[in-house]
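Here is a set of questions about how certain labels are justified. Each answer sets a computed value against the criterion for the label.

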There are 2 protein chains.
Amino acid sequence: MILALAGGVGGAKLAQGLALALPPGELSVVVNTADDFELYGLRICPDLDTVLYTLAGIADPVNGWGIAGDTHHALGQIAAYGRDPWFRLGDRDIATHILRTERLRQGATLTEAVAELAAACGVASRLLPMTDDPVATLVDTPGGRLAFQDYFVARRQRDDVLSVVFDGVETARLPDGVAAAVAAAELVVLCPSNPIVSLGPILAVPGLRAALAASAAPVVAVSPIVGGRALKGPADRMLATLGHEVSAAGVAALYAGFHGLVDALVIDGADADLAPRIEAFGLRALVTSTVMGDADDRRRLAREVLAFGRQLALAGSEVR
Amino acid sequence: MILALAGGVGGAKLAQGLALALPPGELSVVVNTADDFELYGLRICPDLDTVLYTLAGIADPVNGWGIAGDTHHALGQIAAYGRDPWFRLGDRDIATHILRTERLRQGATLTEAVAELAAACGVASRLLPMTDDPVATLVDTPGGRLAFQDYFVARRQRDDVLSVVFDGVETARLPDGVAAAVAAAELVVLCPSNPIVSLGPILAVPGLRAALAASAAPVVAVSPIVGGRALKGPADRMLATLGHEVSAAGVAALYAGFHGLVDALVIDGADADLAPRIEAFGLRALVTSTVMGDADDRRRLAREVLAFGRQLALAGSEVR
């Protein structure tokens, strides 16, 4: 069993690669829910949906989020009713939000609601919200505190992020399914998602880091920073304003801050010269091509990460 | 001020005619809510939406219900998730259900939620749910009791209706806005909607009939049966299985059963020979063309109904 921790588009791509590289049902993906919010009374889970649509093979190939070929007629009518259509909900996409919201109103957990949607889409991997409890990422900017989607979508990440808060995370409970997936994992992969606001909330859920530390499974991260830039999203600017080095070495330093939790970092060939610095942080480094295009590419990177993980596991068992 | 009581498509057409024939803001329409139901966690109000879309000029011109040119992508995805797409929700239409459901969850009354949607659509007429409390039409058939939309949509009205129950109506409260609209009305029009399951529930809300009886305003009904057939829907078969004559005279007998509440019935030229029988029931009869096509046609019928109402009011004041 392989466990991946993922945020949105970048994480979803590697999760899809892992699902393609592994026998069906051998992958669990724990997904960030701190970006979730309510809109027009519907519960929206951007990262879960991106991973769901990607694993189901229906994700929009250009954006990486949303459903391929989706239309926006419902949102147009919502705008006609005078409401701000700031968050681009597709018509097919809205079906997901409607059905998830229905199940939550009926008393289902988010874990249950997501499992049902994933099963209906024929997704064999386990898709696991990091928690069923409400956690909300808030970002402090020079102009004040913003809800995450205000920062990310409405204001298009134009604000400097001075600090980040995961509101509610202290009391968020780790779902049994996540604890079980950690316990069963032979390898844990931190996908190339934003380390601050995508993987940060997952790793902040009480009990998760202790569970990872208690496991013998190697933890391999894949750098979302290539050549000093984020492949997608504001991770590079966010690292800078939060005082981190904007490079794969900066990502390594960040993960090294978890005191032995992360064993290795996969970096792109463009950053090969950073490998010695990364190893100086106590992380093993694998240099390969980490920029993922189509499904073949995603599977190729996944296979390399899996092989690297097996090496680390062998080396670990030799040490013991 | 003119007050119309309406169900779905037929009622909406005459309501639109009245809105076009009157100065803006002089029409209130009380609409049946006993067909309302919840679907995928959304509150659906078929009759209110039909009247809303028709008054807003966006109703589908072929069906009479739904929004013109609407698509069904969200419903397709709901079906892809394995749910039964038995009720044909359009994408733009779903926006209405989402926003109404949101407001109801926030604690707004249905009256408030509907008023906001109507105002946003530029509808000058007052659109009033018959009650803000839950009422559900149930039909007893040879195969057992059915929820109204199961009978009407899912089973396409194929069952004989042996009796009808308006579940919850005994405790349903008449909204203040409806009571005020009755008190202010110079004329009350019972639109050519199904007298059993569209106007029946409205007239069954406690307090409405007493308010109408206390008003000096004439009450004019328009027959939904023309030439022994319903213009739309199952009213004809329903009248038959419930033991009523399937004709404008049968409708007159039904309304005469309200003991003086209804003053007159407007019937189609095809039924001119029934006028003496209708008058024998104590109702005045107006014979004209009641089959409504386009907006001009609806306004023409509305003008005739308004003129007839004024005559009745004059005659009534002469009697007093």
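The questions below concern a predicted model.

Q: Why is Tyr40(A) called buried?
A: The label needs 20 or more other C-beta atoms within 10 Å. Tyr40(A) has 22 such atoms, so it is buried.

Q: What makes the backbone of Tyr40(A) notable, and where does Tyr40(A) sit?
A: Tyr40(A) has a positive phi of about 50° although it is not a glycine. Its place is the loop between β3 (37–39) and β4 (42–44) of chain A.

Q: Arg156(B) also has a positive phi; is Arg156(B) buried or exposed, and why?
A: A residue counts as exposed with 12 or fewer other C-beta atoms within 10 Å. Arg156(B) has 9, and is therefore exposed. Its phi is about 50°, and again the residue is not a glycine. The loop that holds Arg156(B) runs between α6 (148–154) and β8 (163–167) of chain B.

Q: How do you know that the length of helix α1 of chain B agrees with its number of residues?
A: The expected span is 1.5 Å times one less than the number of residues. For the 13 residues of α1(B), residues 9–21, that gives 18 Å; the end C-alpha atoms are 18 Å apart, so the two values agree.

Q: What makes α1(B) mostly covered?
A: Twelve of its 13 residues are buried. Among them are Val9(B), Leu14(B), Leu18(B) and Ala21(B), and also Lys13(B) and Gln16(B).

Q: Why is Ile225(B) called buried?
A: The threshold is 20 other C-beta atoms within 10 Å. Ile225(B) has 28, so it is buried. Ile225(B) lies in strand β11 (residues 225–226) of chain B.

Q: Which residues are in contact with Ile225(B), neighbours within four places in sequence left aside?
A: Contact requires C-beta atoms within 7 Å. The residues that meet this for Ile225(B) are Ala230(B), Ala235(B), Asp236(B), Val246(B), Ser247(B), Ala248(B), Gly250(B) and Val251(B). Ala235(B) is ten residues from Ile225(B) along the chain, and their C-alpha atoms are separated by 7.7 Å. That separation is between C-alpha atoms, whereas the contact criterion uses C-beta atoms, so the two statements do not conflict.

Q: What makes a set of residues a nonpolar core, and how many residues has the largest one here?
A: Its members must be buried residues of the nonpolar kinds listed for a core, joined through C-beta atoms within 7 Å. The largest has 206 residues; Ala4, Val189 and Leu265, in chain A and in chain B, are those with the most contacts inside it. Beyond its neighbours within four places in sequence, Leu265(B) is in contact with residues including Ala221(B), Val251(B), Tyr255(B), Ile278(B) and Leu283(B).

Q: How do you know that chain B touches chain A, and which helix of chain B gives the most?
A: 23 residues of chain B are in contact with 23 residues of chain A. On the chain B side, α3 (73–80), α4 (91–105) and α5 (110–120) each supply at least two residues. The most come from α4(B), with nine residues. By class, this side has eleven nonpolar, seven polar and five charged residues.

Q: Why are β6 and β7 of chain A said to pair?
A: Pairing needs at least two bridges. Four bridges join β6 (residues 136–141) of chain A to β7(A), so the strands pair; they run antiparallel. Asp140(A) has Arg145(A) in β7(A) as its bridge partner.

Q: What makes β7 and β8 of chain A edge strands?
A: Each pairs on one side only. The open sheet has the order β7-β6-β8, and its twist averages 25° from one strand to the next.

How values were computed. Residues numbered from 1 in each chain as written. Chains lettered and ligands numbered in written order. Predicted model: local features only at pLDDT ≥ 70, side-chain atom pairs only at ≥ 80, totals over all residues. Nonpolar A, V, L, I, M, F, W, Y, C, P; charged D, E, K, R; others polar. Axes fitted to C-alpha atoms, helices over the stretch in contact; angles between N-to-C directions.
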